[in-house]
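Please open the model in your viewer and keep the selection panel at hand. The stops below go from one residue to the next.

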Amino acid sequence: MGSKTVLAGDVIIEPMELIKASKKVILGPGLRMDQDVVRASKCGQLKTKPPNTFWVDAHQKRYVPTRGELVVGVVMAKAGDIFRVDIGSSETASLSYVAFEGATKKNRPDVNIGDVVYARLLIAHPDVEPELVCVDSHGKKGKLGILHDGFLLSCSLNLIRKILSPKCTFLSLLSKELKFEMAAGMNGRLWIRGKTVKETIAIGNAILALEFVPNDQ
């Protein structure tokens, strides 16, 4: 995986060369197509993952919704059959009561204001309100849904990417010492539940401290 520093507005040559060769290219966060030109929309490190994935890795706390990403949100309000969920973006996301496994008009999920949910972004577009679902493509909840008890922490988006990287062994090492459950949202939210409140706080502090540890350590 390579990287180089780019500024907002820079023309990104690498994906354009693949496009000219009629090859499929995946543009991730921080990159956009401007007519036939690929430009960076924010400053940071241009990351590439063979054979054709490109994105900009930047330190930021404001989350920009991206379709398919997993996020941790807080239910803020209910309007009819729709729940309003704060995911840390510029506007709240919508979550329908039928977006849960087995949910019907007669069998509605038990969701209350203040609940923490782990969900997937079904719709994410600058001109459209973000929409969440708590099921996968097969209608199964898997690890998605309401997160009970536990602590909710906020961190940088960079830290989330760091701990979810296959190269990061910290969580596997930590789990050998302390038993805990965790849901990491790409929106800079961490939900953690340990055996005790004391252990949960200790685990949260240990993970937050990773922000200042170099990636090669």
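**A tour of charged side chains**

Select Glu181, which is partly exposed at a relative accessible area of 41% (buried means under 20%, exposed over 50%, partly exposed in between, with a 1.4 Å probe and protein chains only). This is a predicted model, in which local features need pLDDT of at least 70 and side-chain atom pairs count only at pLDDT 80 or more, while totals for chains, interfaces and linings use all residues. Residues are numbered from 1 along each chain as its sequence is written, and side-chain values use heavy atoms, with hydrogens and water left out.

Next add Arg193, whose side chain meets that of Glu181 in a salt bridge at 2.5 Å, N to O (a side-chain nitrogen of Lys or Arg within 4 Å of a carboxyl oxygen of Asp or Glu). Arg193 lies in strand S15 and Glu181 in strand S14 (residues 180–185), so the pair ties together parts that are 12 residues apart in sequence; strands are DSSP runs (E, at least two residues), numbered from the N terminus. Show Asp149 as well, since a network of salt bridges links Asp149, Glu181 and Arg193.

Move on to Arg189 and Asp86, where the side chains form a salt bridge of 3.2 Å, N to O. This pair links distant parts of the chain, with Arg189 in strand S15 (residues 189–194) and Asp86 in strand S8, 103 residues apart. Arg189 is buried at 10% relative accessible area, whereas Asp86 is partly exposed at 26%.

Finally, select Asp115: which side chain of opposite charge is nearest? The answer is Lys78, 11 Å away, and Asp115 is buried yet has no salt bridge.

Key:
Lys and Arg count as positive and Asp and Glu as negative; His and the chain ends are not counted. Helices (H or I, at least four residues) and strands (E, at least two) are DSSP runs, numbered from the N terminus.
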